[in-house]
Amino acid sequence: MRDNIKLVLIIFLCGACTSKVQNEKWHNQRTNIVSVKDDIKAIDMEDVLIGSLAQPYIFGEYLVIADYKSNDKLIQIFDKKTFKHLLSLGDVGQGPKEISSLGAIAWNEKEHSLYVTDHGQRRILSYNLDSLLNNSLYSPQVKLNFSDVAFPNDYYINDTLSYGSFIQPTASSFTQTSGKWNMRTGKIELIAYAHPADDKKRIAFSLSTKHHTLIEANRRFDLISLYNMDGELQYNVYGPNWDQKGDRKEHFKDAVICDDKIVASYIGEDWNNNNGATIFHVFTITGDYLKTLDVGRKINYFCYDADNKRIIMNLDSEYQFAYLDAEL
């Protein structure tokens, strides 16, 4: 009897995360749920009108909002500490200084510039923020044009090299994978590893140069893959909803590395009929499960302000933008 009790205790203590092989981690449950609904604080965007699907970024001292549904200025810039509106940029159109289809935005700290991807004209525009703030007639520069083979969906600039997720068109659709990109030469080195169950890869990408870690949070499977910055697989992290054949559910919506934690918005419902992500799963930087934050509202997009320890969110709720003080 005593031996049976010991066995039950061992199973219970190890149930949240077990390992089958060296580079695999298995989460049998994610049940440490903390409600943070009452801790969410609304952000007053003054009189700036922003569309319903807008993605926040933290770059330097700025909160940058990409407004994908705008018919006017596509990008709004705020002070990240006070949320004071500073300027608007990015005209919609097909012209040489306009954006026809807004993609991801990246930050070049060395140049103090925003890099704005235009999927429609297949190029990246560079906006120097010092020039923008001091010259109302400033026009962006074309940083580079990209090929039809693979193009960036999301990226992080690290000196001469960039790291990001890239879209690769296929005969009938597309796939996504991460890699590194020399923006001077145009050379892209994609991660060679592909999970055998995932032939139509859809991912959310995040990177920490401090921890030498790149992550891919899978949208079609309950799976997070962790790599080093050389593209070598460190861990596949499987969740309790893992199904190797695919379960037609939407899983991870977005993922961000917040200091030494991975924070990922999660859905876990039918791909075509779900209410969106309302929770964050929080993991260690090596993929061990810590807790689940129940926001109680639909999370469209989010980012992390490391200086002010805030998760900043675009929500589908009674207020559009909000933040959570996050001592993770």
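**Figure 1. Residue classes in the lining of the largest pocket of the predicted model.** The lining of the largest pocket comprises 27 nonpolar, nine polar and ten charged residues. In total, 46 residues line this pocket. Those nearest its centre are I58, F59, Y156, S206 and V256. Two or more lining residues come from each of strand 4 (54–59), strand 8 (102–108), strand 12 (151–158), strand 16 (203–208), strand 20 (249–258) and strand 24 (298–305). The space in the largest pocket amounts to about 1,400 Å³.

**Figure 2. S206, one of the residues nearest the centre of the largest pocket.** S206 belongs to strand 16. Its relative accessibility is 9%, so S206 counts as buried. Residues up to four places away in sequence aside, S206 touches T213, L214, I215, A255, V256 and I257. V256 is also listed among the residues nearest the pocket centre. From the side chain of S206 to the backbone nitrogen of I257 the distance is 3.0 Å. P140 lies 66 residues from S206 along the chain, and the C-alpha atoms of the two are 27 Å apart.

**Figure 3. The largest cavity and its lining.** One cavity of 30 Å³ or more is found when the whole structure is searched. The volume of the largest cavity is about 60 Å³. Its lining consists of Y193, A194, H195, D198, K201, I203, E216, N218, L223, S225 and Y227. By class, five of these residues are nonpolar, three are polar and three are charged. At least two lining residues come from strand 17 (213–218), and at least two from strand 18 (223–228). Strand 18 contributes the most, with three residues.

**Figure 4. N228 in strand 18 and its contacts.** N228 is part of strand 18, the strand that gives the most residues to the lining of the largest cavity. The relative accessible area of N228 is 11%; because this is under 20%, N228 is classed as buried. The side chain of N228 makes a polar contact of 2.6 Å with the side chain of E232. When neighbours within four places in sequence are left aside, N228 is in contact with H212, L214 and Q234. L214 is also among the residues touched by S206.

**Figure 5. An open sheet of four strands.** The strands follow the order 3-26-25-24, and their pairing is antiparallel. Strands of a sheet pair through backbone hydrogen bonds. At the edges of the sheet are strand 3 (41–42) and strand 24, each of which pairs on one side only. Strand 24 also gives two or more residues to the lining of the largest pocket. Strand 25 (residues 310–316) and strand 26 (residues 321–325) run antiparallel and are joined by five bridges. M313 has A322 of strand 26 as its bridge partner.

**Figure 6. Two loop residues with positive phi, H112 and R122.** Neither H112 nor R122 is a glycine. H112 has a phi near 55° and lies in the loop between strand 8 and strand 9 (113–118). R122 has a phi near 50° and lies in the loop between strand 9 and strand 10 (123–128). The relative accessible area of H112 is 15%, so H112 is buried. For R122 the value is 22%, and R122 is therefore partly exposed.

Conventions. Residues numbered from 1 in each chain as written. Predicted model: local features only at pLDDT ≥ 70, side-chain atom pairs only at ≥ 80, totals over all residues. Heavy atoms only, no water. 1 Å grid on protein atoms, 1.4 Å probe; cavity = no way out; pocket = protein on both sides within 12 Å on 5 of 7 lines; lining within 4 Å. Points joined across faces, edges and corners; volume = space filled by probe spheres on them. Nonpolar A, V, L, I, M, F, W, Y, C, P; charged D, E, K, R; others polar. Buried < 20%, exposed > 50% of the residue type's maximum accessible area, 1.4 Å probe, protein only. Polar contact = N/O pair within 3.5 Å; in protein donor to acceptor, adjacent residues only side chain to side chain. Contact = heavy atoms within 4.5 Å. Pairing = 2+ DSSP bridges.
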